[in-house]
Amino acid sequence: MTARVLVIGRQGQLARELARAQWPAGWTVTFTGRPELDLRFPDKAAAAVVAAAADIVVNAAAYTNVEQAESEPELARSINAAGPAAIAAACKTIGAPFVTISTDYVFDGKKQSPYLEDDPVNPISAYGRGKAEGEALVRGALPEHVILRTSWMFSPFGTNFVRTMMRLGGERPALRVVADQRGCPTGAGDLARAIVTVCNAIKSGQGRFGTYHAANAGATTWYDFASAIFQMLAARGDRGPEIVPITTAEYPTKAARPANSLLDCARLRDTFAITLRPWREALADCVSELARQPSVGIRTGGVS
């Protein structure tokens, strides 16, 4: 079985993990992004997808700066809603299934238990509103879609919590980290492997279209997430900063964050036989890779 896969995105952390993922033998995977395909210009982006005539299209591009989205919501909406909608319409034209990524931020965080795929969305930030609208538009444009909601994504690439903590840990004696928001940290590499499995199932006729949650197993807080990062570095001989737990109220931001970002991933397991490993295992691999990169700027001496 052969397939031509078009991945939208080249430089983001998920796209880079998809580039080094193991795709099925005989598959051709092409990565595209700015300037050839720019989700800021939905019509042109759709035309590029039609011209590519792929068998499966994967959208790994997104506007992910949650804070900045509050200041430029229309740009965030173009990339996260209008763009994916146009790509979905283009996929319908060429008869290609569409796999795209969404977020836990479509929920308001008020539920006490992990969110199910069919729970009502109620985003509380511009970023979340754009992603929720994007989901709805994709569903309306193309029945043959898979929307994968994920959360707290990290990797050795790009801008993410792990890289930020390691950088700041090399600059400051103490870090104040929010301890009353809960979620599922997700390694971009693990998500990339899940996407490959989903694409393979779709191509072989064994998948089922719809919305799924895809996150590493286990729950934590940002504070415990940060603590785990520096515990792993300490085991390598790198002394890190003091981690100080604070409340959301003590760390005001432009964008509101859900207090509960936990995602129930049973539907992904039951449909595609995919279970992402515990987040600490994915984190250990990420920290190990980053620790070999001096540019990250981790502390190797005493805390000042």
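Axes are lines fitted to C-alpha atoms, for helices over the stretch in contact, and angles run from 0 to 180 degrees between N-to-C directions. Helices (H or I, at least four residues) and strands (E, at least two) are DSSP runs, numbered from the N terminus. This is a predicted model: local features need pLDDT of at least 70, side-chain atom pairs count only at pLDDT 80 or more, and totals for chains, interfaces and linings use all residues. Residues are numbered from 1 along each chain as its sequence is written, and side-chain values use heavy atoms, with hydrogens and water left out.

**View 1. Helix 4 meets helix 5.** The axes of helix 4 (residues 73-94) and helix 5 (residues 126-141) come within 8 Å. They cross at roughly 15 degrees. That makes helix 4 roughly parallel to helix 5 (angles under 35 degrees count as roughly parallel, over 145 as roughly antiparallel, 65 to 115 as roughly perpendicular and the rest as oblique). The crossing is right-handed (the near helix is turned clockwise from the far one by less than a right angle; anticlockwise would be left-handed). Contact means heavy atoms within 4.5 Å. Helix 4 residues in the contact include Pro73, Arg77 and Lys92. Their counterparts in helix 5 include Tyr127, Lys131 and Glu133. By class, the contact has 11 nonpolar, 3 polar and 4 charged residues. Here Ala, Val, Leu, Ile, Met, Phe, Trp, Tyr, Cys and Pro count as nonpolar, Asp, Glu, Lys and Arg as charged, and the others, Gly among them, as polar.

**View 2. Helix 6 crosses helix 8.** The axes of helix 6 (residues 161-169) and helix 8 (residues 222-235) come within 10 Å. Their crossing angle is roughly 60 degrees. That makes helix 6 oblique to helix 8. This crossing is right-handed. Helix 6 contributes Phe161, Val162, Met165, Met166 and Gly169. Helix 8 contributes Trp222, Phe225, Ala226, Ile229, Phe230 and Leu233. The contact has 10 nonpolar residues, 1 polar and no charged ones.

**View 3. An open sheet of 6 strands.** The strand order is 2-1-3-4-5-10, with parallel pairing. Two strands pair if DSSP finds at least two bridges between them. Strand 2 (27-32) and strand 10 (210-213) are the edges, and each pairs on one side only. From one strand to the next, the twist averages 20 degrees. Strand 1 (residues 3-8) pairs with strand 2 over 6 bridges. Val5 has Val29 of strand 2 as its bridge partner.

**View 4. Helices across the strands.** Helix 4 lies across strand 1, strand 3 (56-59) and strand 4 (98-103). Helix 4 runs at about 160 degrees to strand 4. Helix 7 (residues 188-203) lies across strands 1, 2, 3, 4 and 5. Its angle to strand 4 is about 145 degrees.

**View 5. Four loop residues.** A cis peptide bond joins Arg34 and Pro35, with omega about 5 degrees. Pro35 sits in the loop between strand 2 and helix 2 (42-52). Trp152, in the loop between strand 5 and strand 6, has a positive phi near 50 degrees. Trp152 is buried, at 8% relative accessible area (buried means under 20%, exposed over 50%, partly exposed in between, with a 1.4 Å probe and protein chains only). Ala273 has a positive phi too, of about 60 degrees. Ala273 is exposed, at 70%. Gly158, in the loop between strand 6 (153-154) and helix 6, is partly exposed, at 36%. Gly158 and Gln11 are 147 residues apart in sequence, yet 7.8 Å apart in space, C-alpha to C-alpha.
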